[in-house]
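Please read the following walk-through with the coordinates open beside it. It begins with the chain as a whole and then turns to particular helices, cores and side-chain pairs.

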Amino acid sequence: NIVYTSDFQATIDKIIIKLTELKKLLDNEKYDELYQYVNEYVLQDDTDAIHELGKIYDDGLGVEMNYDKALHYYRIGAERNHAPSQASLGYLYSNGLGVKQDLLEGFYYYLLASKQNDPKAINNLGVFFCWDKFVKKDYKRALEYFEKAASLNHPVAYKNIGDCYMNGQGVEKIQARHGKKYSERFCRRYS
């Protein structure tokens with residue numbers, strides 16, 4: 001049995017309260033309040049909040065979309081070894097959002113985040129192996145990444161697995177019928 005100290009439990013309780021409040025504000029589309037709430041934690045140098053502020057600018061939630069600011073906050077998180085920030089930087093670099101597209105830099109940040117089991121980064125590494133732009137196309141390896149991300153409950157990974165099965169990519173063509181199962185699982189997660 002693991003015994004937690006009262007300080008540890010208090011930290012967990014604060015995180016749960018913070019996440020519950022963030023979800024409530026997002027669900028109700030109260031972006032101004034969301035911005036203020038997150039900014040309070042940013043001022044306390046909270047790395048999760050710094051990442052969330054990057055997402056607010058990245059998605060334009062209650063503020064004008066601003067990739068420069070999103071990059072700024074993601075970089076702070078990435079420098080602190082924050083996997084979601086690293087994955088977000090990987091996405092911006094891979095897609096040339098706010099920066100010149102740089103597949104090497106995108107791949108690098110995905111790799112960093114994947115070492116911490118970030119499901120988004122792991123899934124997107126799989127996408128790299130489907131592109132044949134930066135690394136050699138290897139559907140079997142892509143499928144391995146998608147399966148790992150799916151094991152971490154990343155919903156898009158289920159769709160990617162389904163696509164691989166339906167198209168016979170990384171699997172025998174006879175197994176293509178299994179793709180429907182994964183695609184349906186993806187649709188259920190988003191309905």
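What percentage of the 191 residues of the protein chain count as buried? The share is 38%, where buried means under 20% relative accessible area, exposed means over 50%, and partly exposed lies in between, with a 1.4 Å probe and protein chains only. This is a predicted model, in which local features need pLDDT of at least 70 and side-chain atom pairs count only at pLDDT 80 or more, while totals for chains, interfaces and linings use all residues. Residues are numbered from 1 along each chain as its sequence is written, and side-chain values use heavy atoms, with hydrogens and water left out.

The protein chain holds 10 helices and zero strands; helices (H or I, at least four residues) and strands (E, at least two) are DSSP runs, numbered from the N terminus. The chain exposes about 11500 Å², of which carbon and sulfur atoms supply 50%, the accessible areas coming from the Shrake-Rupley method with a 1.4 Å probe, and for residues only the protein chains shown counting as cover. Among the contacts (heavy atoms within 4.5 Å) with a separation of 6 or more, 37% involve residues 24 or more positions apart.

Helix α4 offers a place to look in detail. Its 13 residues, 67-79, reach 18 Å from the first C-alpha to the last, close to the 18 Å expected at 1.5 Å a residue, the expected span being 1.5 Å times one less than the number of residues. At the N-terminal end of α4, Asn 66 acts as a cap, with a side-chain oxygen 3.0 Å from the backbone nitrogen of Asp 68, and just after α4 comes Asn 81 with a positive phi of about 65°. The buried residues of α4 include Ala 70, Leu 71, Tyr 73 and Tyr 74, and the buried residues of this helix pack against α3 (47-59), α5 (83-95) and α6 (103-114).

In helix α5 lies Gln 86, which counts as buried because its relative accessible area is 1%. Leaving aside neighbours within four places in sequence, Gln 86 is in contact with Ala 78, Asn 81, Tyr 109, Leu 112, Ala 113 and Gln 116.

The largest nonpolar core (a set of buried Ala, Val, Leu, Ile, Met, Phe, Trp, Tyr and Cys residues joined through side-chain atoms within 4.5 Å) has 24 residues, of which Phe 107, Phe 128, Phe 129, Leu 143 and Ile 161 touch the most other members. The elements giving two or more residues to this core are α5, α6, α7 (119-131), α8 (139-151) and α9 (155-167), with the largest share, six residues, coming from α8. A second, separate core of 15 residues includes Ile 50, Tyr 57, Tyr 74 and Leu 89.

Where a salt bridge is a side-chain nitrogen of Lys or Arg within 4 Å of a carboxyl oxygen of Asp or Glu, the count comes to two. In helix α3, Glu 52 and Lys 55 lie three residues apart, about one turn of the helix, and their side chains meet at 4.0 Å, N to O. Glu 52 is partly exposed at 24% relative accessible area, and Lys 55 is likewise partly exposed at 32%. In helix α9, Lys 159 and Asp 163 are four residues apart, also about one turn, and their closest N and O atoms are 2.5 Å apart. Lys 159 counts as partly exposed because its relative accessibility is 31%, and Asp 163 counts as partly exposed at 26%.

Note on methods
Polar contact = N/O pair within 3.5 Å; in protein donor to acceptor, adjacent residues only side chain to side chain.
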